[in-house]
Amino acid sequence: VPSAHAATTTAERVQGVNRFIQRGEIDMAISTANALLKDTKLNADGRLGLLQALAKAEYLRASAGGYEHVDKAIKTYRSLIKGFPNRVDVAKLQWKIAWLYWNHGDPELADAAAQTILQEYPSSPEVKKATLLRARIMIKKGRYSDARFLLLEHFGLGSAAGSRDEAEGIAWMGVVDYADHRMAQAWKSLQRADAMAPGLIRSEPMLYATYVQLLARHHRDKKALRQATDFINRYITTREGPAIRLLRADLLADEGHTAQAKELYGILANSYGSLIVGKKALMRQMMLDVGSSTNPKRLKAAIRDLDQLAAANQISDIEAESRLDQARLSARLGKTDPARTDDAIGYYALVVASVQPDLVPVAIREGTALLDQRLHTLLGQGAWLQAALLWKRYPQLRPDQDIMLAFGIAKAYARLADYAHAEVLYRRLYAQADGTLLGQRIMLQ
């Protein structure tokens, strides 16, 4: 009878702690469980029940506090695993530990806990979650090829068609595609994930930030501006926050809200001056300050400032964007000073030589048009040497579709007695224009 009475008393104690949890009295549940666990006469069942209740309460407190304090919850889970390895779902508790570490901001410890699940409990239902978590950790580290491999493993483990689980994998694969500059596929994946599991995209800052960036690429309009604003309202303090704040300023500038955009650029430049986002904000603020001005003094001052920024940030996004801005401002000066047009073409060529996938096509389009215009002008003026030099110097910007321009350059070579280059160009043009009147003119030359 005394033994049965003790068991009943222990069970009631565990139930009492769980009732505190159910009523939301987490601190009371924790203090009560800790006090009861100090009883040296506590039997195994009682200790197990109290530790399970304590673990639940500590987890709730950690999550409610934004995962700032997770040590006690993790310690309790470890006590359960160590004390009752055959009576608890160890893989599930390891997952809890991994998730707590991840949300606390300890990716290395989260990764170690996730790998424990994959290596020691490969048939556990937690394997899928651990694989997806490891993919997210690789994304955070910038190891996108590893993340892609893990996501493919995640898909290989199987998910119910149209489930949130499947949508999560698709969404994170979209993030990887975005990082690898596969923009069309990334946009398709995130749209699909959003349709499959409404709310999923907006529940994670990185997913939402990627979605907003892609939305702005495909629909640079008020909808993108609304989504960027919503992101900032939700996640302004996250590490993705500054980039979306910069995007919002860009969208405001596109919509004609120049004063508001300049103010936001200024805030970002002051707050993140040493970071890429702050330097981009500074450049864009400078370009808005210049506006459509044609004042030579003002344009030259801006070009000098941009040159200093480019020199201090070589082989980077900052240098490429600075050179593109210099090209545009120099082209504006070139309307009254032809030498500045040549400078602009040189700046465009520098951008084309960079590895910035967003800026290179823009530089090719604008630089090719400017070089085409400049060469026609020089040929019309009989400036054979200058035209030939520009043609040779910037092969990456040559307007190859303009056969008449190339014909003019070939004639310039001939006038300069550079017959070898003239012959090569004439032969290429003749092959292009074979059978036409232009082809006959080329053969005559």
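## A salt bridge between two helices

A salt bridge is a side-chain nitrogen of Lys or Arg within 4 Å of a carboxyl oxygen of Asp or Glu. In this predicted model, R374 and D342 form one, with their closest N and O atoms 2.8 Å apart. R374 belongs to helix α20 and D342 to helix α19, so this pair, 32 residues apart, links distant parts of the chain. R374 and D342 are both buried. With that pair as a starting point, let us look at helix α19 itself.

## Helix α19 and its neighbours

Helix α19 runs over residues 338-352, 15 residues in all. From its first C-alpha to its last it reaches 22 Å, close to the 21 Å expected at 1.5 Å a residue. Its buried residues are T341, D342, A344, I345, G346, Y347, Y348, A349, V351 and V352.

What do the buried residues of α19 pack against? Their partners are α17 (296-312), α18 (317-333), α20 (360-381) and α21 (384-393). I345, found in helix α19, makes a good example. I345 has a relative accessible area of 0%, which is why it counts as buried. Leaving aside residues up to four places away in sequence, I345 touches L370, L371, R374, Y394 and L397. R374 is thus met again here: it touches I345 and forms the salt bridge with D342. For a sense of distance along the model, I345 and K92 are 253 residues apart in sequence and 61 Å apart in space, C-alpha to C-alpha.

## Nonpolar cores

How many residues does the largest nonpolar core have? The number is 94, and the residues with the most contacts inside this core are V17, Y77, L80, L100 and W172. Apart from it lies another core, of 50 residues, with I303, L370, L375 and L397 among them. Two of these names, L370 and L397, are also contacts of I345.

Back in the largest core, V17 touches A29, T32, A33, L36, L50 and A53, when residues up to four places away in sequence are not counted. T76 offers another set of contacts to look at, in helix α4. T76 is buried because its relative accessible area is 6%. With residues up to four places away in sequence left out, T76 touches L51, L54, A55 and E58.

## More salt bridges

The count of salt bridges comes to 30. One of these joins the side chains of R284 and D250, at 2.6 Å from N to O. The pair links distant parts of the chain, with R284 in helix α16 (residues 276-290) and D250 in helix α14 (residues 241-254), 34 residues apart. Are R284 and D250 buried or exposed? R284 counts as buried because its relative accessibility is 19%, and D250 counts as buried at 11%.

D418 and K392 also form a salt bridge, and their closest N and O atoms are 3.4 Å apart. D418 lies in the loop between α22 (403-415) and α23 (419-432) while K392 lies in helix α21, so the pair ties together parts that are 26 residues apart in sequence. K392 is partly exposed, with a relative accessible area of 37%. Elsewhere, a network of salt bridges links R148, D177, D180 and R182.

## Aromatic rings and charges over them

The structure holds five aromatic pairs. Y208, F231 and Y235 are linked into a cluster by ring pairs.

Two lysines are worth a look for their place over a ring. The charged end of K96 sits over the ring of Y59, 4.4 Å from its centre. K411 lies over the face of F407, at 5.0 Å from the ring centre.

## Positive phi in two loops

Most residues other than glycine have a negative phi. Y67 is a residue other than glycine with a positive phi, near 60 degrees. Y67 lies in the loop between α3 (44-64) and α4 (71-83). With a relative accessible area of 15%, Y67 is buried.

I315 has a positive phi too, of about 55 degrees, although it is not a glycine. Where is I315 placed? The residue is in the loop between α17 and α18. I315 is exposed, with a relative accessible area of 77%, whereas Y67 is buried.

Definitions and conventions. Residues numbered from 1 in each chain as written. Predicted model: local features only at pLDDT ≥ 70, side-chain atom pairs only at ≥ 80, totals over all residues. Heavy atoms only, no water. Helix = DSSP H or I, 4+ residues; strand = E, 2+ residues; numbered from the N terminus. Expected span 1.5 Å × (residues − 1). Buried < 20%, exposed > 50% of the residue type's maximum accessible area, 1.4 Å probe, protein only. Contact = heavy atoms within 4.5 Å. Phe/Tyr/Trp six-rings, centres within 6.5 Å; stacked < 30°, edge-to-face > 60°. Lys NZ or Arg CZ within 6 Å of the ring centre and 35° of its normal. Core = buried A, V, L, I, M, F, W, Y, C linked by side-chain atoms within 4.5 Å.
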